[in-house]
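This briefing goes through one protein model by topic, beginning with the sheet and its helices and then turning to side-chain contacts. Please keep the sequence and the structure in view while reading.

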Amino acid sequence: MADIKKILCAVDFSDYSPMVAEYAAMVGNCVGAKIVVLYVAPSLSQYVGFHVPPSSIESFVGEIVTGAEDTMNEFVKDNFNDLNVEGKVVTGYPAEEVLAIAEAENADMIVMGTHGRKGIDRILFGSVAEKVVKSSPVPVLTVRPK
């Protein structure tokens with residue numbers, strides 16, 4: 001059987017995230033793995049060329065990250081009791097950051113949710129989970145909303 005020492009649990013702090021955390025906690029508890037909980041704040045650097053001063057964008061992103069770090073601390077406390085867990089907040093494009101952090105952390109597994117988008121939403125927004133599943137060198141457990 002595969003040796004799972006570290007699990008990357010990617011969340012978006014939606015109402016559905018505790019369910020994703022439950023799966024990560026269950027697997028982590030069964031195998032004694034460390035869990036790294038990851039939230040990717042949106043990168044607004046693509047808007048620097050618009051008529052908004054870069055300092056305003058950087059300030060706004062900084063506020064998002066600070067708020068996300070507070071939310072992460074509460075999320076970890078509420079969903080991962082007595083497990084070896086670390087919360088991490090980064091900015092960027094979600095699929096790219098999930099893959100990069102999984103590699104940097106030497107994760108043996110990724111656990112993440114899917115939003116089950118269909119039709120035009122999927123065409124417009126794509127699927128972060130699909131991109132991660134297709135590109136990840138480690139197993140990915142995806143959890144669909146009920």
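**Sheet and helices**

Helix α5, which spans residues 128-135, lies across β4 and β5 and runs at about 165 degrees to β4. The model is a predicted one, and the points below describe the sheet on which its helices pack, followed by the aromatic pairs and the salt bridges.

**The sheet as a whole**

- An open sheet is formed by 5 strands in the order β3-β2-β1-β4-β5, and the pairing between them is parallel.
- The edges are taken by β3 (85-92) and β5 (140-143), each of which has a single partner strand, so one side of each is left without a neighbour in the sheet.
- On average, and with direction ignored, neighbouring strands of this sheet are turned by 20 degrees against each other.
- Strands of a sheet pair through backbone hydrogen bonds, and the pairing can be either parallel or antiparallel.

**Strand β1 and its partners**

- On one side, β1 (residues 6-11) pairs with β2 (residues 34-42) in the parallel sense over 6 bridges; within this pairing, A10 has L38 of β2 as its bridge partner.
- Helix α1 (residues 17-31) packs on the sheet, where it touches β1, β2, β4 (109-113) and β5, and its direction makes about 175 degrees with that of β1.
- β1 is also joined to β4 by 4 bridges, with the two strands running parallel, and the bridge partner of C9 in β4 is V111.
- How is β1 placed with respect to the rest of the structure? Of its 6 residues, 6 are buried, so the strand is largely enclosed by the rest of the structure.
- In a regular strand the side chains alternate between the two faces of the sheet.
- In β1 both faces are covered, since K6, L8 and A10 on one side and I7, C9 and V11 on the other are all buried.
- V11 has Y39 as its bridge partner in β2, and the chain passes from β1 through α1 to β2 in a β-α-β crossover that is right-handed.

**Aromatic pairs**

- The structure holds 3 aromatic pairs, one of which is the stacked pair of F13 and Y39, with 4.6 Å centre to centre and 20 degrees between the planes.
- This pair links distant parts of the chain, given that F13 sits in the loop between β1 and α1 while Y39 belongs to strand β2, 26 residues apart.
- The two rings differ in burial class: F13 counts as partly exposed at 23% relative accessibility, whereas Y39 is buried, with a relative accessible area of 14%.
- The rings of F75 and F80 have their centres 6.4 Å apart and their planes at 65 degrees, so this pair is edge-to-face; both F75 and F80 are buried.
- F13, Y39, F75 and F80 together form one aromatic cluster.

**Salt bridges**

- The structure holds 7 salt bridges, including one in which the side chains of K6 and E105 meet at 3.0 Å, N to O.
- K6 lies in strand β1 and E105 in the loop between α3 (94-104) and β4, so the pair ties together parts that are 99 residues apart in sequence.
- Buried or exposed, where do these two charged residues stand? K6 is buried, with a relative accessible area of 18%, and E105 is buried as well, with 14%.
- Another salt bridge joins the side chains of E86 and K34, at 3.2 Å from N to O; E86 lies in strand β3 and K34 in strand β2, so this pair ties together parts that are 52 residues apart in sequence.
- E86 counts as partly exposed at 27% relative accessibility, and K34 likewise counts as partly exposed, at 24%.
- E86 forms a salt bridge with K88 too, the closest N and O atoms being 4.0 Å apart, and K88 is partly exposed, with a relative accessible area of 23%.
- K6, K34, E86, K88 and E105 are linked in a network of salt bridges.

Methods
Residues numbered from 1 in each chain as written. Predicted model: local features only at pLDDT ≥ 70, side-chain atom pairs only at ≥ 80, totals over all residues. Heavy atoms only, no water. Pairing = 2+ DSSP bridges. Axes fitted to C-alpha atoms, helices over the stretch in contact; angles between N-to-C directions. Contact = heavy atoms within 4.5 Å. Phe/Tyr/Trp six-rings, centres within 6.5 Å; stacked < 30°, edge-to-face > 60°. Buried < 20%, exposed > 50% of the residue type's maximum accessible area, 1.4 Å probe, protein only. Right-handed = clockwise from strand over helix to strand, strands pointing away.
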